[in-house]
Each structure stands twice: as C-alpha cells, then as structure tokens.
Amino acid sequence: MTAQLIDGKVLSARVREKLVTRIKSSMRPVRLDAVLVGNDRSASIYAENQAKTCAAVGIDYRLHRLPEGATYGDIAGRVLLLNTEEDVRAVMLHLPLPAGVDVERVQSLIAPEKDVEGVNPANIGNVVYGRRSLVPCTALAAVEMIESTGIELRGARVVIIGASNIVGKPIAVLLMRAEATVISTNKFTRELAALTRTADVIVAAAGVVNLIRGDMVKAGAVVVDVGINRVVDADGKSTTVGDVNFAEVSAHAAWISPVPGGVGPMTVAMLLRNTVDAALR
Ligand code: NAD
C-alpha cells in the first residue's frame, strides 16, 4: 500500500478561504493583538510572517513589542490592558519570554475568551468538559487532519505519542470527546511498537527523529506527524523532519501527513480560525 497524503497546505488553504468569506460578510473588523518581548530573531521572523498571513485573509494584526528587559509586571500589565480593551478580541503571546519570567503565569492572565492559542488553563479545562472554548491550535490541527481522511473516529483505536500540556494531552481529550479509544503514551511507555501496531490512528508528537518506523504501523492506518526536528545530513545541509520515517511508513499506512507541509501550516490556519471565532463571537 502507498499512503495518500494528508496535505496540510491544501487543507489549510481551504480553511483560509472560508475565513476570508466569514470576515468579508461580518460587520465587525477582525483583529489579532500579539505581544512580543525582546529581540529573539526567530520570534521576530515568526511575527513578521504572521502579519503577512493575517493580512492575506483580512485580519488586522497589531504587534505589541516590549523591550528585552521587560519584567513579569510589565508583561502582565500589557496583557491585562489588552484584556480590558473592548476592541481587542484576540490575544496571543510570542515566546520566548525573558529568562526568569514564568510563561505559564503570564499565559494564565490572558482572558479565556481572547486566548486564541488556548494556553490559559481555563481553556484547557473547557476542552475536557466539552464546553465551547478556544482549543490549542496544534491539537485542533492534528484532529482536523485525521477527520479529513473520513475515518470514523467513534470506536477507533488511537495511539498518541507524546503527552505535553499543549499538544499530546489536548489531542487525547479531543479524540476522547469523539469517542475514540485513546492510548496516551510518553517517553516512559514500554513496548511502544506493540501499541502502535494495533492502532487505527497514530499521532506522533514526541520530537524524536525516526521514532515511528514502518514495522510499527498496521496496514491501512492513519498517521499524523506533529514532530518538528532539525537534522543535518552528511553534506552539512540542515532539513526539517518529523517523528515518522515517511518512506517506510507510507508503504503501510492508508494516510500520512508530511513534514514539512503537514500539521505546521494547518496549525497556522487554526490560529487564524480561533482569531475569527474570538472576534465574531
Ligand atoms: P514536549 O517536549 O513538551 O513533549 C514531548 C512528549 O513526548 C513528552 O510527553 C514525552 O514524554 C514524549 N516522548 C519523548 N520521547 C518519547 C519516546 N521515545 N516515546 C514516547 N514518547 C516520547 O514537546 P511538545 O511541545 O509536545 O512538541 C512535540 C513535538 O511537536 C516537537 O517536535 C515540537 O517541535 C512539535 N510541535 C509541532 C507543532 C506544529 O505546529 N507542527 C506545534 C507544537 C509542537
């Protein structure tokens, strides 16, 4: 079997098209306010790209830059100010924060209804309770990609590799809500291959190159690769790969998402969708 591609570029383009229509037909402007602290190069590049992505769908992007020396009080003050402003409906926090500033403490200050990355514990709690909430974008992306294959999730056996608060755990909860049989695994899990071989769906979110090999996947499975790893090949060239050995696994699976071009672009699309949901709610 040669797997079909779960193409994150195609799926995310469809999501963005729908957002453009929603934004055009809405009476309210849609705006995203992002807080960026310090001069981290990757965060700045990410913010620049985000500004372009937002502009392309009609979202007004406002970047609030705070200096490298900003304290917890400065950052918290800015977040709390954004919480109170009526025109601000979608807020996100770029990482990293300066050394010594507790990221989770700042994230928990973002008003839950404006928290488009779904990082406030209140939103994670709402995911568990199945209440309407803003769900972490990567988890939403992974689940949308599984659903795009048309697989019946109710009763399906899903093995999730990785159990972080922002990726693996919310994916597990979303799939439990879909009434799948969910097995959550982590770096202490014994005999991972014995579990993955029984899975109808595998979600790899560990950040370990080549963790999922061909002989760990049953014929016809759906495999979604969340991992992002930088590897340097023999010629010294740096490339991005996931946690799944794509060549081996695509010989067994029915569906597989690539890295790059899989969960990454879909995560960006989910952030835009959360922004539109928060703005138009
Ligand atoms: P994390 O380091 O917080 O958590 C990793 C999890 O994987 C832990 O639960 C750990 O126990 C588990 N794990 C590690 N080695 C394992 C092994 N050998 N077997 C089973 N489980 C193992 O990482 P994270 O923030 O959850 O991110 C996971 C991966 O997803 C990383 O590669 C990250 O870069 C990527 N990521 C991608 C996106 C995206 O948009 N595509 C977004 C966020 C994270």
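Biologist: What does helix 7 lie across in this model?

Modeller: Helix 7 lies across strand 5 (157-161), strand 6 and strand 7, at about 170° to strand 5. Axes are lines fitted to C-alpha atoms, for helices over the stretch in contact, and angles run from 0 to 180 degrees between N-to-C directions. Contact means heavy atoms within 4.5 Å. Helices (H or I, at least four residues) and strands (E, at least two) are DSSP runs, numbered from the N terminus. The model is predicted: local features need pLDDT of at least 70, side-chain atom pairs 80 or more, while totals for chains, interfaces and linings use all residues. Residues are numbered from 1 along each chain as its sequence is written, and side-chain values use heavy atoms, without hydrogens and water.

Biologist: How do you know that strand 7 pairs with strand 8?

Modeller: Pairing takes at least two DSSP bridges between two strands. Strand 7 (residues 201-204) and strand 8 (residues 222-225) are joined by 4 bridges, so they pair, running parallel. A204 has D225 of strand 8 as its bridge partner.

Biologist: Which order do the strands of the open sheet take, and why are strand 1 and strand 6 at the edges?

Modeller: The 6 strands run 1-11-8-7-5-6, with parallel pairing. Strand 1 (4-5) and strand 6 (181-185) each have a single partner strand, so one side of each has no neighbour in the sheet.

Biologist: What classes make up the lining of the largest pocket?

Modeller: The lining has 28 nonpolar, 14 polar and 4 charged residues. Asp, Glu, Lys and Arg count as charged; Ala, Val, Leu, Ile, Met, Phe, Trp, Tyr, Cys and Pro as nonpolar; the others, Gly among them, as polar.
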